[in-house]
Structures are given as structure tokens and as C-alpha cells.
Amino acid sequence: MITPQRFQTGFAGDDLGTVAEARRWTRQVLAQTRLPDETVCDALTCVSELATNAARHTRSGEPGGTYQVVIQVHGDHAHVEVVDQGAAHAPDVRLGGGESGRGLWICAQLGALSHASTGGGRRIWVDLPRPVGAATSSPSAHATDGSAG
């Protein structure tokens, strides 16, 4: 039986430069695993999108704000999660025509996207790879408490 590997660290949310740091950190920890290259690339994309959203659209992006990146690996599957400090609105999955607004949609295409409110924030995650035949859905369909978080 393979023991799951878990990695976690925090980043300053009020500096968008930490998104690149989060991506580098993710690449470093995933180098310690046996994940397929495609899953590693998908995980890096998801960390970039989720960390960017935390820094731009939640209280994590305010002065002194932070967010956590959590990576769990079990066999050839990865769980990529960002824990932010919450926002006044729920995450929005959309295929927008503008230059922004597609990050969660991209993550939902790569894996099973979900979110849940925490005591003072929100967890949003992607499980990679998406199980064969799994439907892509809005994260609000997976919210555990129905709040806007």
C-alpha cells in the first residue's frame, strides 16, 4: 500500500509575485513524487490559477493577507488545494470572453473542482486526474455548507 504524501506551506497574498513562488514550490515538492508528467503540469496550472484567485479576489490579497497551498499525492493522483482568507462572494466558474475569469473553469477541465467554507476563509481544490467519466461541475454544487464563503 502506498502512503499518501502531504506538503503544505504559506505565502503572502498581498504580493502577486508569490504566485510564481507557489508554482516553484509545487514543482519542487512534486519532483519528490512519482506523478506522471501530465499530472504535474496540471497541478502547476491549478496552483497558478487558485493562488492568483486567492491573491486577487479574497481577503488574502489585502495587506498582511496570506494563503496556504496544500498538495497531497497518492499514487498517480494529486489533490491541489489553496486555503484563502475568504471573500464576500462564492467562487465563479465561467468561460469568459475577457482576459480574466477563466481560471476556475480551466481547473474544472483538468480535474474535479470543489470548495468549502472554513472558519474564517475558504478551501478550494482540484483532484487530479479527474476520474474517467466524471462530470465537470460548478464548485458551488460542491460547497459543504451552502454559504458564499
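**Figure 1. The buried residues of helix 1 are T18, V19, A22, W25, T26, V29 and L30.** A residue is called buried when its relative accessible area is under 20%, exposed when it is over 50%, and partly exposed in between, using a 1.4 Å probe and protein chains only. Seen down the helix axis, the buried residues of helix 1 fall within an arc of 125°, so they line one face of the helix. The arc is that of the directions from the helix axis to the C-beta atoms. Helices (H or I, at least four residues) and strands (E, at least two) are DSSP runs numbered from the N terminus. Helix 1 has 14 residues and spans 21 Å from its first C-alpha to its last, close to the 20 Å expected at 1.5 Å a residue. That expected span is 1.5 Å times one less than the number of residues. The cover over the buried residues of helix 1 includes strand 1, helix 2 and strand 2; contact means heavy atoms within 4.5 Å.

The model shown in all figures is predicted: local features need pLDDT of at least 70, side-chain atom pairs count only at pLDDT 80 or more, and totals for chains, interfaces and linings use all residues. Residues are numbered from 1 along each chain as its sequence is written, and side-chain values use heavy atoms, with hydrogens and water left out.

**Figure 2. The protein chain contains 3 helices and 5 strands.** Read from the N terminus, its elements follow the order β-α-α-β-β-α-β-β. Buried residues account for 40% of the 149 residues in the protein chain. Of the contacts between residues at least 6 apart in sequence, 68% join residues at least 24 apart.

**Figure 3. The 5 strands form an open sheet in the order 1-2-3-5-4, with antiparallel pairing.** Strand 1 (5-12) and strand 4 (112-117) stand at the edges with a single partner strand each, so one side of each has no neighbour in the sheet. From one strand to the next, the twist averages 15°. Two strands pair if DSSP finds at least two bridges between them. Strand 3 (residues 77-84) and strand 5 (residues 122-128) are paired in the antiparallel sense over 7 bridges. V82 has I124 in strand 5 as its bridge partner. Helix 1 (residues 17-30) packs on the sheet and touches strand 1 and strand 2 (66-74), with its direction at about 20° to that of strand 2. Helix 2 (residues 37-57) lies across strand 2, strand 3 and strand 5, and runs at about 10° to strand 3. Axes are lines fitted to C-alpha atoms, for helices over the stretch in contact, and angles run from 0 to 180 degrees between N-to-C directions.

**Figure 4. The largest nonpolar core has 30 residues, of which L30, Y67, V69 and I71 touch the most other members.** Strand 1, helix 1, helix 2, strand 2, strand 3, helix 3 (103-110) and strand 5 each supply at least two residues of this core. Helix 2 gives the most, with 8 residues. A nonpolar core is a set of buried Ala, Val, Leu, Ile, Met, Phe, Trp, Tyr and Cys residues joined through side-chain atoms within 4.5 Å. Leaving out residues up to four places away in sequence, I71 touches Q5, R6, F7, W25, T26, V29, L30, V47, H79 and V80.

**Figure 5. A hairpin of 4 residues joins strand 4 to strand 5.** These two strands pair in the antiparallel sense over 6 bridges. In this pairing, H115 stands opposite I124 in strand 5. Of the 6 residues of strand 4, 5 are buried, so strand 4 is largely enclosed by the rest of the structure.

**Figure 6. W125 lies in strand 5.** W125 is buried, with a relative accessible area of 11%. Its C-alpha atom is separated by 4.1 Å from that of E81, although the two residues are 44 residues apart along the chain. Not counting residues up to four places away in sequence, W125 touches L50, H79, V80, E81, A112, L113, S114, H115 and A116.

**Figure 7. T39 in helix 2 is in contact with P129, which is found in the segment after strand 5.** T39 counts as buried, at 6% relative accessibility. Apart from neighbours within four places in sequence, the contacts of T39 are D76, A78, L128 and P129. The peptide bond from L128 to P129 is cis, with omega near -20°. Most peptide bonds are trans.
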